[in-house]
Amino acid sequence: MNEMQLKFLSRSENEVFARNVVAAFALPLNPTLDELSDVKTAVSEAVTNCIVHGYRGCEGWITLCCKLDGDVLHIRISDDGRGIDDLEQALTPFYTSLPEEERSGMGFTIMQTFMTAFSVSSEAGKGTIVTMSKQFGARATEDAR
Amino acid sequence: MKMQAVRRGESLYIYLAGELDECSVSRTREEADALIDGGTGCRIAVFNLAGVRFMDSTGIGFLMGRYKRLKTYGMEMVIEDPNPDADKILSLSGIYALIPRV
(Lines give C-alpha, C1' and ligand atoms only; values in the text may rest on other atoms or scores of the structure.)
Protein backbone atom coordinates (compact mmCIF):
# COMPACT_ATOMS: atom_id res chain seq x y z
CA MET A 1 0.00 0.00 0.00
CA ASN A 2 1.34 3.39 -1.01
CA GLU A 3 -0.22 6.77 -0.45
CA MET A 4 0.31 10.39 -1.47
CA GLN A 5 -1.30 13.76 -0.89
CA LEU A 6 -0.88 16.94 -2.85
CA LYS A 7 -2.33 20.42 -2.50
CA PHE A 8 -2.18 22.90 -5.36
CA LEU A 9 -3.81 26.13 -6.48
CA SER A 10 -6.79 26.11 -8.84
CA ARG A 11 -4.80 27.37 -11.80
CA SER A 12 -5.38 25.70 -15.13
CA GLU A 13 -1.67 24.99 -15.65
CA ASN A 14 -1.92 22.69 -12.62
CA GLU A 15 -4.23 20.36 -14.59
CA VAL A 16 -1.36 18.93 -16.57
CA PHE A 17 0.70 18.76 -13.36
CA ALA A 18 -2.03 16.86 -11.48
CA ARG A 19 -2.74 14.29 -14.17
CA ASN A 20 0.95 13.59 -14.75
CA VAL A 21 1.58 13.21 -11.01
CA VAL A 22 -1.21 10.64 -10.76
CA ALA A 23 0.09 8.80 -13.82
CA ALA A 24 3.60 8.70 -12.36
CA PHE A 25 2.26 7.50 -9.00
CA ALA A 26 0.39 4.64 -10.73
CA LEU A 27 3.39 3.45 -12.74
CA PRO A 28 4.44 0.70 -10.27
CA LEU A 29 1.17 -1.10 -11.17
CA ASN A 30 2.38 -1.43 -14.78
CA PRO A 31 -0.72 0.11 -16.32
CA THR A 32 -1.31 -0.18 -20.05
CA LEU A 33 -1.17 3.04 -22.06
CA ASP A 34 -4.96 2.88 -22.39
CA GLU A 35 -5.44 2.57 -18.64
CA LEU A 36 -3.06 5.42 -17.99
CA SER A 37 -4.84 7.59 -20.52
CA ASP A 38 -8.21 6.84 -18.88
CA VAL A 39 -6.87 7.88 -15.47
CA LYS A 40 -5.24 11.05 -16.80
CA THR A 41 -8.42 12.08 -18.57
CA ALA A 42 -10.59 11.44 -15.48
CA VAL A 43 -8.19 13.43 -13.26
CA SER A 44 -8.17 16.26 -15.77
CA GLU A 45 -11.98 16.34 -15.75
CA ALA A 46 -12.17 16.45 -11.95
CA VAL A 47 -9.54 19.20 -11.66
CA THR A 48 -11.21 21.20 -14.45
CA ASN A 49 -14.46 21.04 -12.45
CA CYS A 50 -12.72 22.41 -9.35
CA ILE A 51 -11.24 25.30 -11.35
CA VAL A 52 -14.17 26.15 -13.60
CA HIS A 53 -17.12 25.37 -11.33
CA GLY A 54 -15.83 25.07 -7.76
CA TYR A 55 -13.83 28.27 -7.72
CA ARG A 56 -15.22 29.94 -10.89
CA GLY A 57 -11.92 31.52 -11.85
CA CYS A 58 -11.01 32.59 -8.29
CA GLU A 59 -7.99 31.01 -6.68
CA GLY A 60 -8.44 28.26 -4.11
CA TRP A 61 -6.84 25.04 -3.00
CA ILE A 62 -7.41 21.68 -4.63
CA THR A 63 -6.45 18.56 -2.69
CA LEU A 64 -5.44 15.37 -4.46
CA CYS A 65 -5.04 12.13 -2.53
CA CYS A 66 -4.02 8.83 -4.13
CA LYS A 67 -3.69 5.36 -2.72
CA LEU A 68 -2.38 2.21 -4.34
CA ASP A 69 -3.97 -0.90 -2.90
CA GLY A 70 -3.10 -4.14 -4.70
CA ASP A 71 -3.86 -3.50 -8.35
CA VAL A 72 -6.29 -0.67 -7.60
CA LEU A 73 -5.58 3.05 -7.68
CA HIS A 74 -7.87 5.17 -5.50
CA ILE A 75 -8.10 8.89 -6.21
CA ARG A 76 -9.81 11.64 -4.21
CA ILE A 77 -9.97 15.17 -5.59
CA SER A 78 -11.61 17.86 -3.47
CA ASP A 79 -12.09 21.60 -3.35
CA ASP A 80 -13.55 24.11 -0.88
CA GLY A 81 -15.47 25.94 -3.58
CA ARG A 82 -19.11 26.76 -4.13
CA GLY A 83 -20.30 23.15 -4.37
CA ILE A 84 -23.02 21.70 -6.59
CA ASP A 85 -26.65 22.73 -6.02
CA ASP A 86 -28.25 19.85 -7.91
CA LEU A 87 -26.07 16.74 -8.14
CA GLU A 88 -28.53 14.73 -10.20
CA GLN A 89 -28.66 17.46 -12.81
CA ALA A 90 -24.85 17.84 -12.78
CA LEU A 91 -24.45 14.11 -13.47
CA THR A 92 -26.76 14.21 -16.49
CA PRO A 93 -24.74 13.74 -19.70
CA PHE A 94 -24.46 16.98 -21.73
CA TYR A 95 -25.84 19.13 -18.91
CA THR A 96 -23.70 22.18 -18.25
CA SER A 97 -24.31 25.04 -15.84
CA LEU A 98 -22.24 27.27 -18.15
CA PRO A 99 -23.84 26.86 -21.60
CA GLU A 100 -22.41 30.19 -22.80
CA GLU A 101 -18.85 28.89 -22.36
CA GLU A 102 -18.56 26.08 -24.94
CA ARG A 103 -18.70 23.42 -22.22
CA SER A 104 -19.58 19.92 -23.34
CA GLY A 105 -21.27 18.79 -20.11
CA MET A 106 -19.43 15.47 -20.40
CA GLY A 107 -16.99 15.72 -17.47
CA PHE A 108 -18.78 13.46 -14.98
CA THR A 109 -19.83 11.05 -17.73
CA ILE A 110 -16.19 10.64 -18.75
CA MET A 111 -15.09 10.04 -15.14
CA GLN A 112 -17.83 7.43 -14.73
CA THR A 113 -17.00 5.70 -18.01
CA PHE A 114 -13.21 5.71 -17.79
CA MET A 115 -12.89 4.66 -14.15
CA THR A 116 -13.87 1.41 -12.42
CA ALA A 117 -15.72 3.21 -9.60
CA PHE A 118 -16.85 6.80 -9.21
CA SER A 119 -18.76 8.87 -6.68
CA VAL A 120 -19.24 12.54 -5.95
CA SER A 121 -20.46 14.34 -2.88
CA SER A 122 -21.05 18.04 -2.58
CA GLU A 123 -22.63 20.65 -0.41
CA ALA A 124 -23.56 24.10 -1.70
CA GLY A 125 -21.10 26.66 -0.37
CA LYS A 126 -18.78 24.06 1.12
CA GLY A 127 -17.10 22.27 -1.74
CA THR A 128 -17.06 19.05 -3.73
CA ILE A 129 -15.33 15.71 -3.28
CA VAL A 130 -14.84 13.32 -6.21
CA THR A 131 -13.76 9.80 -5.35
CA MET A 132 -12.83 7.34 -8.04
CA SER A 133 -10.77 4.22 -8.52
CA LYS A 134 -9.25 2.26 -11.35
CA GLN A 135 -8.48 -1.42 -11.32
CA PHE A 136 -5.49 -2.12 -13.50
CA GLY A 137 -5.16 -5.33 -15.47
CA ALA A 138 -8.92 -5.87 -15.28
CA ARG A 139 -9.12 -7.30 -18.78
CA ALA A 140 -6.10 -9.57 -18.32
CA THR A 141 -7.71 -10.99 -15.17
CA GLU A 142 -11.00 -11.57 -16.96
CA ASP A 143 -9.25 -13.26 -19.89
CA ALA A 144 -7.40 -15.61 -17.55
CA ARG A 145 -10.65 -16.85 -16.01
CA MET B 1 -0.85 23.34 -28.43
CA LYS B 2 0.56 23.99 -31.87
CA MET B 3 -1.51 24.74 -34.91
CA GLN B 4 -0.82 24.79 -38.64
CA ALA B 5 -3.17 25.49 -41.49
CA VAL B 6 -2.97 24.53 -45.14
CA ARG B 7 -5.43 25.36 -47.84
CA ARG B 8 -5.96 22.72 -50.52
CA GLY B 9 -8.59 23.65 -53.08
CA GLU B 10 -11.88 24.15 -51.27
CA SER B 11 -10.59 22.54 -48.07
CA LEU B 12 -9.01 24.27 -45.08
CA TYR B 13 -6.81 21.80 -43.19
CA ILE B 14 -6.11 22.68 -39.56
CA TYR B 15 -3.47 20.51 -37.88
CA LEU B 16 -3.49 20.47 -34.08
CA ALA B 17 -0.63 19.09 -32.02
CA GLY B 18 -0.15 18.94 -28.25
CA GLU B 19 -2.52 18.75 -25.28
CA LEU B 20 -6.02 20.18 -25.51
CA ASP B 21 -7.38 21.04 -22.05
CA GLU B 22 -8.66 23.94 -19.97
CA CYS B 23 -5.18 25.44 -19.85
CA SER B 24 -4.56 25.51 -23.60
CA VAL B 25 -8.07 25.97 -24.96
CA SER B 26 -8.37 29.80 -24.89
CA ARG B 27 -5.36 30.37 -27.12
CA THR B 28 -6.24 27.41 -29.32
CA ARG B 29 -9.74 28.84 -29.77
CA GLU B 30 -8.41 32.27 -30.75
CA GLU B 31 -5.95 30.84 -33.26
CA ALA B 32 -8.48 28.45 -34.78
CA ASP B 33 -11.10 31.19 -35.13
CA ALA B 34 -8.58 33.48 -36.83
CA LEU B 35 -7.86 30.69 -39.32
CA ILE B 36 -11.57 30.03 -39.86
CA ASP B 37 -12.28 33.74 -40.35
CA GLY B 38 -9.47 33.89 -42.90
CA GLY B 39 -10.63 30.74 -44.68
CA THR B 40 -13.56 32.24 -46.52
CA GLY B 41 -14.10 30.65 -49.89
CA CYS B 42 -13.40 27.21 -48.48
CA ARG B 43 -16.24 24.71 -48.39
CA ILE B 44 -14.96 22.46 -45.65
CA ALA B 45 -12.63 22.60 -42.64
CA VAL B 46 -10.65 19.45 -41.85
CA PHE B 47 -9.45 19.29 -38.23
CA ASN B 48 -6.51 16.88 -38.15
CA LEU B 49 -6.03 15.57 -34.61
CA ALA B 50 -3.17 13.13 -35.26
CA GLY B 51 -0.83 15.19 -33.08
CA VAL B 52 -3.24 15.68 -30.16
CA ARG B 53 -1.73 13.41 -27.52
CA PHE B 54 -4.14 14.42 -24.77
CA MET B 55 -7.70 15.70 -24.83
CA ASP B 56 -10.44 15.92 -22.22
CA SER B 57 -14.04 17.14 -22.44
CA THR B 58 -12.78 20.69 -22.87
CA GLY B 59 -11.67 19.52 -26.33
CA ILE B 60 -15.20 18.38 -27.15
CA GLY B 61 -16.52 21.83 -26.24
CA PHE B 62 -13.78 23.38 -28.38
CA LEU B 63 -14.67 21.28 -31.45
CA MET B 64 -18.41 21.97 -31.01
CA GLY B 65 -17.67 25.70 -30.81
CA ARG B 66 -15.67 25.63 -34.05
CA TYR B 67 -18.44 23.59 -35.72
CA LYS B 68 -20.95 26.33 -34.84
CA ARG B 69 -18.64 29.08 -36.05
CA LEU B 70 -18.00 27.28 -39.36
CA LYS B 71 -21.74 26.84 -39.79
CA THR B 72 -22.23 30.62 -39.75
CA TYR B 73 -19.91 30.71 -42.79
CA GLY B 74 -21.82 27.84 -44.41
CA MET B 75 -18.77 25.59 -44.05
CA GLU B 76 -18.73 21.93 -43.14
CA MET B 77 -16.38 20.39 -40.60
CA VAL B 78 -14.79 16.97 -40.38
CA ILE B 79 -12.32 15.35 -37.98
CA GLU B 80 -9.33 13.56 -39.46
CA ASP B 81 -7.02 10.97 -37.96
CA PRO B 82 -7.64 11.32 -34.19
CA ASN B 83 -5.25 9.24 -32.09
CA PRO B 84 -6.88 6.34 -30.17
CA ASP B 85 -7.18 8.30 -26.89
CA ALA B 86 -8.86 11.28 -28.53
CA ASP B 87 -11.01 8.90 -30.59
CA LYS B 88 -12.28 7.18 -27.43
CA ILE B 89 -13.52 10.39 -25.86
CA LEU B 90 -14.92 11.71 -29.14
CA SER B 91 -16.84 8.46 -29.74
CA LEU B 92 -18.24 8.57 -26.20
CA SER B 93 -19.45 12.14 -26.71
CA GLY B 94 -21.38 11.29 -29.87
CA ILE B 95 -19.78 14.24 -31.65
CA TYR B 96 -19.18 12.24 -34.84
CA ALA B 97 -22.91 12.46 -35.58
CA LEU B 98 -22.39 16.20 -36.15
CA ILE B 99 -18.74 16.32 -37.17
CA PRO B 100 -17.93 13.13 -39.10
CA ARG B 101 -14.59 11.40 -38.82
CA VAL B 102 -12.92 10.89 -42.17
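In strand β5(A), A:K134 is the bridge partner of A:L73. That pair belongs to a run of eight bridges in which β3 (residues 72–79) and β5 (residues 127–135) of chain A pair in the antiparallel sense. Everything described here comes from a predicted model. The two strands sit within an open sheet of five, ordered β1-β2-β3-β5-β4 in chain A, and the pairing is antiparallel. At the edges are β1 (2–9) and β4 (117–123) of chain A, each of which pairs on one side only. Neighbouring strands of this sheet are turned against each other by 10° on average, if direction is ignored.

A helix goes with this sheet too: α1(A) lies across β1, β2 (61–69) and β3 of chain A, and runs at about 175° to β1(A). The loops of chain A have a link of their own, as A:R11 forms a salt bridge with A:E59, with 3.0 Å between the closest N and O atoms. Since A:R11 is in the loop between β1 and α1 of chain A, and A:E59 is in the loop between α2 and β2 of chain A, the pair ties together parts that lie 48 residues apart in sequence. Over all chains, the structure holds 19 salt bridges.

Turning to chain B, there is again an open sheet, here with four strands in the order β1-β2-β3-β4 and with mixed pairing. Its edges are taken by β1 (2–8) and β4 (76–80) of chain B; each has a single partner strand, so one side of each is left without a neighbour in the sheet. The twist from one strand to the next averages 20°. Strand β3 (residues 44–55) of chain B and β4(B) run parallel and are joined by five bridges. On β4(B), B:I79 is the bridge partner of B:F47. Helix α2 (residues 57–72) of chain B packs on this sheet, where it touches β2 (11–20), β3 and β4 of chain B, and its direction makes about 170° with that of β3(B).

Then there is the interface. Strictly by contacts, 24 residues of chain A meet 20 residues of chain B. The area buried between chain A and chain B comes to about 1,700 Å², with carbon and sulfur atoms giving 52% of it. Three residues, A:R19, A:E102 and A:F114, supply 29% of the area that chain A buries against chain B, more than any other three residues.

As for polar links, the count between chain A and chain B is six salt bridges. One of these joins the side chains of B:E22 and A:R103, at 2.8 Å from N to O. The interface of chain A and chain B also has 10 residue pairs in polar contact, where both residues are at pLDDT 80 or more. On the side of chain A that touches chain B, at least two residues come from each of α1 (13–26), α2 (33–54) and α4 (107–114) of chain A. Helix α2(A) gives the largest share of that side, with nine residues. Sorted by class, the side of chain A that touches chain B is made up of 10 charged, eight polar and six nonpolar residues.

Technical notes: Residues are numbered from 1 along each chain as its sequence is written. Chains are lettered from A and ligands numbered from 1 in the order in which they are written. This is a predicted model: local features need pLDDT of at least 70, side-chain atom pairs count only at pLDDT 80 or more; totals for chains, interfaces and linings use all residues. Side-chain values use heavy atoms; hydrogens and water are left out. Contact means heavy atoms within 4.5 Å. Buried area is the accessible area (1.4 Å probe) that two parts lose on being put together, summed over both. A salt bridge is a side-chain nitrogen of Lys or Arg within 4 Å of a carboxyl oxygen of Asp or Glu. A polar contact is a pair of N or O atoms within 3.5 Å; within protein, one must be able to donate a hydrogen and the other to accept it, and residues adjacent in sequence count only if both atoms are side-chain atoms. Ala, Val, Leu, Ile, Met, Phe, Trp, Tyr, Cys and Pro count as nonpolar, Asp, Glu, Lys and Arg as charged, and the others, Gly among them, as polar. Two strands pair if DSSP finds at least two bridges between them. Axes are lines fitted to C-alpha atoms, for helices over the stretch in contact, and angles run from 0 to 180 degrees between N-to-C directions.
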